[in-house]
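This report looks at pairs of oppositely charged side chains. Please view the sequence and structure below before reading on.

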Amino acid sequence: MTFVSPLFLWALAAIAIPIIIHLFNFRKYTKVYFTNVKFLKELQQESKSKSRLKQILVLIARCFAIICLVLAFSQPIIQNENSPAKNNGINAISIYIDNSFSMVNVNKQGPLLEMAKSQAKNVLKVYSNADKFQIITNDFEGKHQRFNTKENALNIIDEIKVSSSVRNLSDVVRRQADFLNNSSFANKKIYVFSDAQRSTFNLEKIGPDTSIQTALIPLTANKVNNVFVDTCWFETPIQQKGFIQIMHAKITNNGDNKIDVSSAKLFINKQQIAIASFSLDPFSDAEIKFTFECKEGGLNYGSIKIEDYPVTFDNELFFAFNSKVNVSVSLINGKNQSGTNSFSSLFKNDSLFKFNSFSEQTIDYTSFKTSDVIILNELSELSSGIVSELVKFTNKGGALVIIPSLKINYDSYNLALAALKLPAFISLDSAALKTDKIEIASGFYSGVFEKIEDRMNLPIVNKHYTFVKTSRSDFEPLVTLQNGDVFIGRARLNNALVYLFSGALNDGATNFNKHALFVPSFYQISFSSLQSVPLFYQSGTNVVMSLKNTSRLREEPPHIIKTDSTIDIIPEIRSVNNSVFIYTQGHVNTPGFYEVSHIGTALLPVAFNYSRKESNLNCYSKEELTKTIEEKGWKSVTIFNETSGDISKQIELGVEGKKLWKLFIILALLFIATEIALLRLLK
């Protein structure tokens, strides 16, 4: 117990006054003579005993009344044992209000965010107008990095609204502590108002500053289920106009209520084109599937919608895709190859491909910059010049295919293969072998075969080169022969995939070029050259997108424009090799449809969604938080167990301790009343 005004304790010397009065207040008696005084002596002795007891009780009552009165003026306080020693001076208070989407949840008092704002105002009531306050939310805005007066802090709290920003507790508390430690104020305290959501409330990682008292005020919501659209993906890597597309979506039930029957709707370009039903067990997810025809070429925008309350921000998932994608293929034929071959038949008449063909003597190296796939078809040798250009090509990404001729210059080939980090050729094997194994596990032929038959008709290879055995773990066999030799293998070099065939693809070497496996193999090679473009991005994060570099992009930067023209952002761009990288720097905060536009031309469709991190409404209980604090032994961290009513009394107790002056005033009055009762009632 401590005293606010300990100098008043000197007034305890006033106890001497009733004691002196008691000692020197002797009554003088007058003698009265009687004939028989025997009974009078007995009465006198009995009266003196009662009078002495009465005077002692009155003395005690007076002394305790004075003691209680003096203690009341000294203002005794019982300090919280976990509170740091309080210094005189201005208080620096940092208040964090979690304004994430999960705070729209409700309890008996209403939405959790409104409850947090109300309780934060109760915190301000405890402190004086001279104290300074920092109000911080998940938005981490500039106004959150300064001290405010009590009046301004109240206005800032009133302006707080739900935000899509998601922050971990450790990041918030660290930001609060750094801000307070940079101030010159001696008394510092942190208050945290949150629903303690498990996905973000990483209490075990906060590493509290022992010089700052941290108070956690968890707000408990009613038990609420939340069903949300988690993610979506296409079954095929490329979407084309006029083709049937299959889209998959994942629906998650984050509650203990079973969803018997519900439905999800698919919208493409603002038109509902498909619907799928689903049922969900508690705390489970389900995969649904939509089948539709892509009717528009170019930029397409879609969404998947469900209905669920009260948490609604995750009921719709936006996505975007481009159905007009061209794969640029450059074919370089050896001098013995004609312009019309299996590759020209495959690529030339397909609108999906932009096909260019060159002879070994007339290579246009500038076409490499815009090519997605380069095929070296039966070149007899690989010069250092072409190898240098191929290495540059791998830096920007794509797919490189090397098909040797039946008569190669071993030295030039092996030097080139070494530069491309591929195994070298040893010799030509003329034994006719059947293809024995297709590596389905590699994922290269994923979706090509419904199932692999034991007696499947596979290509025959009459001539092939044997490889030097390599221990490189990144050289992956895709198709092997009966003797175990690799017929098709691949490896990653820089940002590209390099495919190496061990034999020529002509009638004298194999029937692969006429086999049913030829078309899906080179389709898969072509698809692997394309950079995977996400169907959607998370809003409020630094998204990185890439475009092929052109001189026009270097002259004027592209814009990110919302399709309804309400938002126009000029992003940061960086040119690397033949690509332009676009950085949003977290400036896209509103979900919906956007396009990357350059001088009025839409280059790329983009969709943004809120983070699904807030969709998991599972929160820590107060008992779990208390247990964590006790296990960590954090004396500077306290938790408020009762948050439904006005918490200002609890806060006042934590700040100033339990004030006892009112109790001593009451006791003083009781002792004075006791004295009066003794004087009047005890005769």
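What follows describes the salt bridges of this predicted model.

The structure holds 16 salt bridges. Side chains of opposite charge can pair when their charged atoms come close. Three of the pairs are listed here, each with the distance between its closest N and O atoms.

| Salt bridge | Closest N and O atoms |
|---|---|
| Glu675 and Arg62 | 2.4 Å |
| Glu114 and Lys117 | 3.6 Å |
| Lys437 and Glu439 | 3.6 Å |

Glu675 pairs with Arg62. Glu675 belongs to helix H13 (residues 661-681) and Arg62 to helix H2 (residues 38-74), so this salt bridge ties together parts that are 613 residues apart in sequence. Glu675 has a relative accessible area of 15% and is therefore buried, the limit being under 20%. Arg62, with a relative accessible area of 28%, is partly exposed.

The salt bridge between Glu114 and Lys117 sits within one helix: both residues lie in H3 (residues 112-126), three residues apart, which is about one turn of the helix. Lys117 is buried, at 8% relative accessible area, while Glu114 is partly exposed, at 42% relative accessibility.

Lys437 forms a salt bridge with Glu439. Lys437 has a relative accessible area of 42% and counts as partly exposed.

Which residues are joined into one network by salt bridges that share partners? They are Glu141, Lys143 and Glu159.

Note on methods: Residues numbered from 1 in each chain as written. Predicted model: local features only at pLDDT ≥ 70, side-chain atom pairs only at ≥ 80, totals over all residues. Heavy atoms only, no water. Salt bridge = Lys/Arg side-chain N within 4 Å of Asp/Glu carboxyl O. Helix = DSSP H or I, 4+ residues; strand = E, 2+ residues; numbered from the N terminus. Buried < 20%, exposed > 50% of the residue type's maximum accessible area, 1.4 Å probe, protein only.
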